[in-house]
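This report introduces a protein structure to a reader meeting it for the first time. Please consult the sequence and the structure alongside the text.

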Amino acid sequence: MKDRPAGQELAITEIAGHATFTPTSVTAWYRLPEVRWAFRPDAEREALISAIAEQYSGMAGYRLHLRRTTRPFAADQWARTVDENTPNPLPNVPGALSWGDHLVNAQQHLHQVRLAEGETYLGISFSRRTLFDTLGEKFGHLFHRGTKVSERDRIARATEQFDEVLNAYGVRARRATSHELEWLIFRSVALGMDPPDLLSPVANGVWEPGDILALTEHIERYRTPYGSTVKLVNRLTGEERHVAVMTVGRMEDLEIPERHEPWLHFHERAPWPMEISSRLDVLGPGEAFRNLEHRLRMIRSQQHDYDEHSMDAPPELERLAKRALVVGDEMTTGMATDAARVHGWHRLAVAADTREECLERARKIIQLYNRDLRVSLQHPKNQDWLAREYIPGEPVANTGYLRRMPVRLFAAAVPQAASTVGDRRGDLIGRTAGTSRRPVFFDLHFPMEVRERSGLAVFVAEPGGGKSTLMGSLGYLAARRGVQVTLLDPSGPLARLCEMPELKPYSKVLNLTGSEPGTLAPYALIPTPKREHWDNSPESDREFEIALSNARAERRMLVQDICSMLVPPQVAREANTARLLRHAARQVPAEETSTLDDIVKCLQGQDHDASELAALLLDTAEMPLARLFFGSPPGDMLTDDSILTVITMAGLRLPDLNIEREYWSAEESLAVPMLHTAHRLAVRRSYGGDINRRKMVGLDEAHFMEGWRSGRSFLVRMARDSRKWNLAALVASQNPTDILGLDVQNLVSSVFVGRIAEDPDIAAEALRMLRVPRDVGYEQTLASLSETDISGSSRLPYREFIMRDVDGRVQRVRADVSYIPKLLEYLDTTPGGRQAAERASNVTTPNAGPTGSQMGLTTS
């Protein structure tokens, strides 16, 4: 009795490596990596489009199948990576959120917001199989063999040529793996459906005809000839999805990149994943010109018919004829890339749980393309045929809506444009908010441990932009991973982090306004280098001696600046004052054990002017806050081992730097040297332990460091030492010029810029810090960040930033740490905001979801 053959549902008969076989053709598949698009100069974008166009024109004579699909973000793999990269997480506290629960909450949040990653594949049908090849394949199946060796050798020689073209700058494609092809086919068969828990464990890359059935038999398709959607049902899980396929119709000329986004990337603005399929034929210069001549003859023939009947020809015919002549001239006189043409069909598919929701999504996408790109999307009949067109190897559904365009316009579609920023091993801090939605992860120590770069990260925003809350969130996340965290928050709200149950046993708040005398003694704030931090070599001996000399020089510089801040501004501006302080600093040993009292004694033993300067310093020392600078620091001040330390100056009034020092109050005058030394104290704590231990320092109000020599040298030294000491240094300010003025731009690894809407000059400086073009419209992007609806009275539940990561990628991101219970309530710096959140939490049920104030960052 003859065995029943397997029910073949696909045109594909075999998969071998990166090639798929049908009875009549072979297609080689390539994976296109994502390319950076947002915030790049137009010249770089133009160069990218030209390179891609040249590569596509090199495919003349072949049929291409471009597929853009999505893969749900693998939250479990990310959590496993974070856990493996956290050797010593913060010990669990009974009754508080554990480390494991923290990772579970983050994974659940990623699943709830349904973030996905895009993948782009390009298939090239490069070989028409002969009857001999087909018969040889069928004969081989009788003996359980696949394609003939001779045919595979011919395919291998052809793919080597495509490798050479596609691996170059532009698409930078590589051969797709068998697992990637399996994913692509499953995603094409089951459009928009949840992926299986496990794909095939076999990695040999060969699928025979009987194996192909495994890619389709789990999915049942229900359709009607005139239905508006296709219903797909997974017969194993019961999942049901409705799919609507749209096709690109008429479209106006697009100015990419000057005015418009890439037209096959534009759909990613939608908050749900979509699928793209483009089938196209690339015409070389000769074939394209022949096709154009044929069209021109048709136009002339129609004009002649009108003339024979003594009728006026429609003006559209003459316009088309002139356009054809212009295009023909470009093709004959321009480069080969200008002459190549692409004829193809472009489909977009949306999926939803119900037919009504699917049609509503399709309607919104049609409106989006029509309004912003002037591209007409059509929703044709025969939806099942169109849906099958996504599957590799299947034929084109119909020849309607054929789009003819220059190869450069298709190259400007750039479906592989990326919105990725951050790294894949850091904590979840939000998602991108530009043309697509991708999760954003940020590892504070990735620049030092992997990229071998500086650990300096800068935060800039107007008041209320969210920079302090974001810094506090990063401090919390770092402390959960066992990183030694020190936060300097002069105003004090970040001190509430130490009240969180999971952090409280390992945290400490240091309020400088109530600290012991000598806490901010300037000599002790600069650590002495230790010989064990260098190798045993003559070169290291010299480097160690240089480090010792630099530390002593920095102490003298800091002492001179602090003394200048402690005396009246009229005295500080005198040239004689600088001379006397410089002489005294040279006389006193520049070691950690020295104090400002030694400077006073040195001045008292000199001439009359020096004695008067010493008397002014002693007058200042009588003030309670000024005693922080005189004497020696407490013994345990520099050896604190708390995981989280928050340094505050609660109740201290900071001066307005736009007002002359003569008009500052006594308290405001002392605030400036306190801030200078408090910054030093925060960093000094990081130099007291293991050089390889992960450390983080967050410094707010950095603009007070500008204008003093010691301030600039402090930031430069911190940035340069950050890689050696594995120190993540976060610096926040309201004005980017404060950071740029300190001359540390080349040492900055990451930048977060929040809303800047008041001053276009400040916005331009922020763009300079981000290293993106100025005067091309990005200033308006900064002004639109975290934009509030002025017609309402509710608070904005999130904050947005432009983020530049250590690899130079720039994206608009929306910060979101709402998956951490009550973190945003503790970090709420808005007057009355925390009390309102507590009142709201008292009236919600224990199992209720997050409230509006818990869904994003609050103001800083």
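The sections below move from the whole chain to a strand, a helix and two loop residues.

## The chain as a whole

The structure is a predicted model. The protein chain holds 860 residues, of which 56% are buried. Its secondary structure comprises 27 helices and 27 strands. Among contacts with a separation of 6 or more, 78% join residues that lie 24 or more positions apart.

## Confidence

The mean pLDDT of the protein chain is 85, and 87% of the residues reach 70 or more. Residues 1-7 have a pLDDT below 50, and this stretch has two contacts in the model beyond near neighbours in sequence. Residues 840-860 also stay under 50 in pLDDT. For residues 840-860 the model has 52 contacts beyond four places in sequence. Where pLDDT is low, predicted coordinates should not be read in detail.

## Strand E13 and its partners

Strand E13 spans residues 341-352, and 12 of its 12 residues are buried. Both faces of the strand are covered. One side carries Arg341, His343, Trp345, Arg347, Ala349 and Ala351, while the other carries Val342, Gly344, His346, Leu348, Val350 and Ala352.

E13 pairs with strand E12 (residues 275-283) in the antiparallel sense over nine bridges, and in this pairing Glu275 stands opposite Ala349. The pairing of E13 with E11 is likewise antiparallel and has six bridges; Thr247 stands opposite Arg347 of E13. E13 and strand E15 (residues 403-406) run antiparallel and are joined by four bridges. Here Arg341 of E13 faces Pro406 of E15, the two standing opposite each other.

## Helix H24

Helix H24 covers residues 760-770, and its buried residues are Ala763, Ala764, Glu765, Ala766, Leu767, Met769 and Leu770. The elements covering these buried residues include strands E19 (456-460), E25 (748-753), E26 (799-804) and E27 (810-815), together with helices H23 (736-740) and H25 (778-783).

The two ends of the helix can be described as well. At the start of H24, a side-chain oxygen of Asp759 comes to within 2.9 Å of the backbone nitrogen of Asp761. After the helix comes Arg771, with a positive phi near 65°.

## Glu239, a buried charged residue

Glu239 lies in the loop between strand E10 (230-234) and strand E11 (240-251). Leaving aside neighbours within four places in sequence, Glu239 is in contact with Met193, Asp194, Leu232, Val233 and Asn234.

Which side chain of opposite charge is nearest to the buried Glu239? It is Arg241, at 4.4 Å. A salt bridge requires a side-chain nitrogen of Lys or Arg within 4 Å of a carboxyl oxygen, and Glu239 has no salt bridge.

## Gly426, a buried loop residue

Gly426 is found in the loop between strand E16 (417-418) and strand E17 (427-432). Is Gly426 buried or exposed? Gly426 counts as buried because its relative accessibility is 0%, and the cut-off for a buried residue is under 20%.

Apart from neighbours within four places in sequence, the residues in contact with Gly426 are Trp78, Val82, Phe441, Phe442, Asp443 and Arg481. Gly426 and His445 are separated by 19 residues in sequence and by 8.7 Å in space, taken from C-alpha to C-alpha.

Definitions and conventions. Residues numbered from 1 in each chain as written. Predicted model: local features only at pLDDT ≥ 70, side-chain atom pairs only at ≥ 80, totals over all residues. Heavy atoms only, no water. Buried < 20%, exposed > 50% of the residue type's maximum accessible area, 1.4 Å probe, protein only. Contact = heavy atoms within 4.5 Å. Lys, Arg positive; Asp, Glu negative; His and termini not counted. Polar contact = N/O pair within 3.5 Å; in protein donor to acceptor, adjacent residues only side chain to side chain. Pairing = 2+ DSSP bridges. pLDDT = per-residue confidence, 0-100.
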